[in-house]
Amino acid sequence: MGKVNVCVKGSYIVVVTLMGIISALLLAITLFTHGYFYGEEEIEHMLAGMHFMYAISIITLLLSITGVYGACKEKKWALIVFAVGLIPCTLFMFDLERRELGLRPKVAENINGQYLKILPLSNASGHDIESLNYIQMEFHCCGLDQGYQDWGYNISESCLCIGDSKNPCVAAPENSSLFEHYEHDHDIMIYKEPCLPIIISHALLAINLAIGIKFGLTLIWTFSIVLCIIILCQLRRKNDKDSPTVIYSPEAKTGNYTILTETAEYS
């Protein structure tokens with residue numbers, strides 16, 4: 001059995017240990033999320049993603065333990081199990097990231113169609129109005145598609161500009177309902193930007209962030225596989241100390257042989 005390079009072995013152990021820590025954190029986050037939303041209506045839409053996270057985190061955690069054991073004890077079978085088990089996971093993650101990148105336009109289209117169904121806001125349900133009010137206060141926007149005009153006469157008070165608004169504001173129409181509740185000598189300022197483009201941009205940002213995290217994790221997996229293969233190659237290489245040393249006698253070179261038996265003489 002060949003000797004493993006110390007730097008390669010140490011790098012592999014560090015990378016695989018990091019992979020195991022990340023897998024343990026993902027498993028803990030998944031368990032916490034599952035427990036937090038247990039019994040809620042949202043849990044039905046989250047189960048598929050949770051099952052995927054359970055599978056990935058548990059498999060990679062077990063593989064990382066096996067890989068570290070194989071490197072420390074220089075066990076070829078453990079390193080082979082690690083490489084063979086992690087290669088399909090890595091290929092699957094690369095394919096998943098590719099498909100998620102292709103789904104970004106469709107996600108934006110679905111969000112746009114979902115929120116446009118709420119219009120006109122005068123006929124929207126109480127739940128939709130409450131959700132939109134929260135979005136307007138959170139993202140400093142007003143309306144969905146055409147800005148405050150989506151509200152018509154009854155502009156929501158959640159459209160009122162605050163002092164530290166991160167988006168531009170405009171003067172509210174004087175014939176709006178806001179002037180019935182507020183008596184001011186100056187203009188009443190409301191948010192200018194509609195909320196729908198901001199909602200879509202935040203959703204795409206979340207998708208990009210998730211893809212980036214998955215891509216970084218996949219790179220760690222790929223690097224660990226490369227190091228594992230290098231270690232296996234080094235273990236397979238024969239060491240000079242494993243072969244018997246051949247010693248040549250100077251007497252053998254000069255043809256100095258000793259007669260073992262005397263030739264029998266026959267009469």
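Colleague: Which side chain makes a polar contact of 2.8 Å with the side chain of Ser158, apart from Asn133?

Modeller: Happy to look at that with you; please keep in mind that this is a predicted model. One polar contact of 2.8 Å runs from the side chain of Ser158 to that of Asn133. The other partner, with a distance of 2.8 Å between the side chains, is Ser156.

Colleague: Thanks! Where in the chain is Ser158 placed?

Modeller: The chain has 7 helices and 2 strands, and from the N terminus they run α-α-α-α-β-α-β-α-α. Ser158 lies in the loop between α4 (126-139) and β1 (169-171).

Colleague: Is Ser158 buried or exposed?

Modeller: A residue counts as buried when its relative accessible area is under 20%. Ser158 has a relative accessible area of 9%, so by that cut-off Ser158 is buried.

Colleague: Which residues does Ser158 touch, not counting those up to four places away in sequence?

Modeller: Asn133 is one of them, and its side chain also has the polar contact with Ser158. With residues up to four places away in sequence left out, Ser158 touches Asn133, Gln136, Met137 and Tyr191.

Colleague: Good to know. What part of the accessible surface of the chain belongs to carbon and sulfur atoms?

Modeller: Let's step back to the whole chain here. Of its 267 residues, 32% are buried. The accessible surface comes to about 17700 Å², and the part belonging to carbon and sulfur atoms is 62%.

Note on methods
Residues numbered from 1 in each chain as written. Predicted model: local features only at pLDDT ≥ 70, side-chain atom pairs only at ≥ 80, totals over all residues. Heavy atoms only, no water. Helix = DSSP H or I, 4+ residues; strand = E, 2+ residues; numbered from the N terminus. Buried < 20%, exposed > 50% of the residue type's maximum accessible area, 1.4 Å probe, protein only. Polar contact = N/O pair within 3.5 Å; in protein donor to acceptor, adjacent residues only side chain to side chain. Contact = heavy atoms within 4.5 Å. Areas by Shrake-Rupley, 256 points an atom, 1.4 Å probe, with all protein chains shown as cover.
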